[in-house]
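The exercises below are meant to be worked through with the coordinates open, and each task is followed by a solution that proceeds step by step.

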Amino acid sequence: MKAYLTEKVNAALRSLGYAENAKLAFEQPKLETHGDLTTNVAMTLAKSVGKNPRTIAQEIVGALHFDSGVITKVEIAGPGFINFKFADTFFTKQTAEILAQGEAFGKTHSGAGKKTQVEYVSANPTGPLSVGHGRQAAIGDTIANLLHWTGHNVTREYYYNNAGRQMRILAESTYARYQQFFEPTFLFPADGYQGDYIREIAEKLKARRGDSVRLLPREEALSVCKSFAEEELFTAIKNVLARMGVKHDVFFNEDSLYHDGTIEEVIGELRKLNLAYDQDGAVWFKTSALGTDKDRVIVKTSGEPTYRLPDIAYHREKFRRGFELVVDVFGADHIDTIPDVLAGVKALGFDPGKVKVVIHQFVTLLRDGEQVKMSKRLANFVTLDELIDEVGPDAVRFFFLMRSTGSHLEFDLNLAKEQSEKNPVYYVQYAHARIASILRFAESQNVFAEGEDVSHINYALLVGPSEVGLAKLLLTFPDTIEAACYGYEPHRLVTYLGDVATAFHKFYHDHRVVIPEADLSKARLALCLAAKTVLANGCRILGISAPERM
RNA sequence: GCGCCCGUAGCUCAGCUGGAUAGAGCGACAGCCUCCGGAGCUGUAGGCCAGGCGUUCGAAUCGCCUCGGGCGCACCA
């Protein structure tokens, strides 16, 4: 519809000699009385042309030639908007297109097979995933889905580190808990992980290995504890992600960057560029030369690198592996590391513009109107597993995606659990189930069956405002996907699906679908099926179920 | 103190690259089922878009400042 008008209006602008200065853009007016599409060219031209915007609009409208079967009304309104109204049948007829594409409706090719990586979760295996990781998993996975739907070639990746200080603490904590089974006074490390899960892992270790680990030399025992705990925790992490429908293609181990010499290479390159230097026994990254406030240590005096170095090396690997677009989904606590990593990427000769960082804010849980206090130190934080146990995977994903990533998310447990009209998840799913029920009823009456030939349906019979309105909204599904995708804003799809559900319920309330007039009935059933298609496809992208019954 | 995010209805939040009269859900109040799913629909009330200054035909949206809340500011990740 935009393409059609762009051509027509451009022709008019050319004939008036305005084409040079015109920036032609269309948008959908908020009010229905303002038509289906509107343009403000006349207003933007006013200054350079030196005429009143309304006069210019008059001239443009006078020079327009269009098909009256497509556009039924053109009018000038307000300060100089030109509003276009399309024929109702222009929309309803395209319902056929939705049915023809079915499960593929909404897919576009704008990504052109671009090799794309989305990195998300990336939690080290030192404990169970938190609700914050859950939000990240939902956001990252949905962004990956959106990129897939717009034709990108997507790799979902999880980056982790099973070496270093944190894993050492994990090993020591596990070892101490294990020892305490035999020797209750065994000292627990001061900075150890307090959570009960450590005790559970130790108990499993004891069940598997008895007291044999005690008899090993300390370092060897720690090594056993580390790999045992790591495996247990990683299994748990993968399981909980699977419960949310999240599955990564690649688990990238930071350790590989050391083994294959990448880390050394990066330091070497930075030195060559005069961006790394030694001071006080450490190696520094000269970020001040790249526009940040101060230099940062990349290799500690102990010889161990700080996280910045492997992060830069990892991003270099991303580019070397041929990714043309790299999406990093991080929690708000990682904000400060990003400029350094991007500076490093740039220094190494890659384009940081190809890296899109999506930052999400934190999650607060609300129970009975009270904030659930969580502290990682103490054992009283709610894990992602527990959250899914309590409210179910669909509600978890939906709630995590409901708000824009930049906003803090208040997760109301009571609401998420409630199986009623108050719960926004059910509102969308109910619309889908309701349509499924109608289609079942129609089939039982031998009026219409899913999959039957729909090529002869007369969509022009759909004339009611709620019928046309629904058709119009369904047709914007591909646009919504593109907007949500390229803005990295999954919540826009959530909002849209809520709107589709509302439009459907309104339509259903206004019109009886299964009726004696066969032609009209079939047209309405086709519209129902189109709505069901959009809801199902949208839910698939969000990673929630679209039930036939509920 | 410095950096990033946020401030919109009683509550939780939308508001697309600046556009016409500011939107939804929940909560409150009032209505709608002899008929395909009432987990639905319709209506009413509720706003100095935190505040100020600026940019322009036009600002919730862009810029600067102030206030208020969150998160960071390690040779932790």
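## Exercise 1: a right-handed crossing

The crossing of helices α12 and α13 is right-handed, and the model in which this is seen is a predicted one. Task: describe how α12 and α13 are oriented to each other, and determine which residues in α12 and α13 meet.

Solution. Begin with the geometry: α12 covers residues 308-320 and α13 covers residues 337-347, and the two helices pack at an angle of about 50° with their axes 9 Å apart. An angle that is neither under 35 degrees nor over 145, and that also falls outside 65 to 115, counts as oblique, and α12 and α13 are therefore oblique to each other. Next, list the residues that meet: Arg308, Asp311, Ile312, His315 and Arg316 belong to α12, while Thr337, Asp340, Val341, Gly344 and Val345 belong to α13. Finally, sorted by class, this contact of α12 with α13 has 3 nonpolar, 3 polar and 4 charged residues.

## Exercise 2: the neighbours of α20

Task: for α19 and α20, and then for α20 and α21, work out the relative orientation of the helices and the residues that make the contact.

Solution. Take α19 (residues 477-486) to begin with: its axis and that of α20 come within 8 Å and cross at roughly 155°. Since angles over 145 count as roughly antiparallel, α19 is roughly antiparallel to α20. On the α19 side the contact is made by Thr480, Ile481, Ala483 and Ala484, and on the α20 side by Arg492, Leu493 and Tyr496; by class, these residues are 5 nonpolar, 1 polar and 1 charged.

Then turn to α21 (residues 518-542), which packs with α20 at an angle of about 155°, the axes being 10 Å apart. α20 and α21 are therefore roughly antiparallel to each other, and α20 passes α21 in a left-handed crossing. Leu493, Val494, Leu497, Val500 and Phe504 of α20 make this contact with Ala531, Val534, Leu535, Gly538, Ile541 and Leu542 of α21, and the residues divide into 10 nonpolar, 1 polar and no charged.

## Exercise 3: strands and their partners

Task: establish the order of the strands in the open sheet that contains β9, and find the bridge partners in β4 of leucine 37 and isoleucine 76.

Solution. The open sheet has 3 strands in the order β8-β9-β10, with antiparallel pairing. Its edge strands are β8 (276-279) and β10 (296-299), each of which pairs on one side only, and the twist averages 45° from one strand to the next. β9 (residues 282-285) pairs with β10 over 3 bridges, and valine 283 has valine 299 of β10 as its bridge partner.

For β4, the antiparallel pairing with β2 (residues 37-39) rests on 3 bridges, and leucine 37 is partnered by phenylalanine 84. β3 (residues 71-77) also pairs with β4 in the antiparallel sense, over 6 bridges, and here isoleucine 76 has isoleucine 82 as its partner. In the hairpin of β3 and β4, with 3 residues between the strands, glycine 78 takes a positive phi near 55°.

## Exercise 4: the surface near the RNA

Task: state how many residues surround RNA strand B, and which element gives the most to the surface near it.

Solution. RNA strand B is surrounded by 69 residues, the closest being Gly78, Glu421, Tyr430, Ser437 and Phe441. Among the elements that each supply at least two residues of this surface are β4 (81-86), α17 (424-444) and α20 (491-510), and α17 gives the most, with 9 residues. By class, the surface has 25 nonpolar, 27 polar and 17 charged residues.

Technical notes: Residues numbered from 1 in each chain as written. Chains lettered and ligands numbered in written order. Predicted model: local features only at pLDDT ≥ 70, side-chain atom pairs only at ≥ 80, totals over all residues. Pairing = 2+ DSSP bridges. Helix = DSSP H or I, 4+ residues; strand = E, 2+ residues; numbered from the N terminus. Axes fitted to C-alpha atoms, helices over the stretch in contact; angles between N-to-C directions. Near = placed C-beta within 6 Å. Nonpolar A, V, L, I, M, F, W, Y, C, P; charged D, E, K, R; others polar. Contact = placed C-beta atoms within 7 Å. Left-handed = near helix turned anticlockwise from the far one by under 90°.
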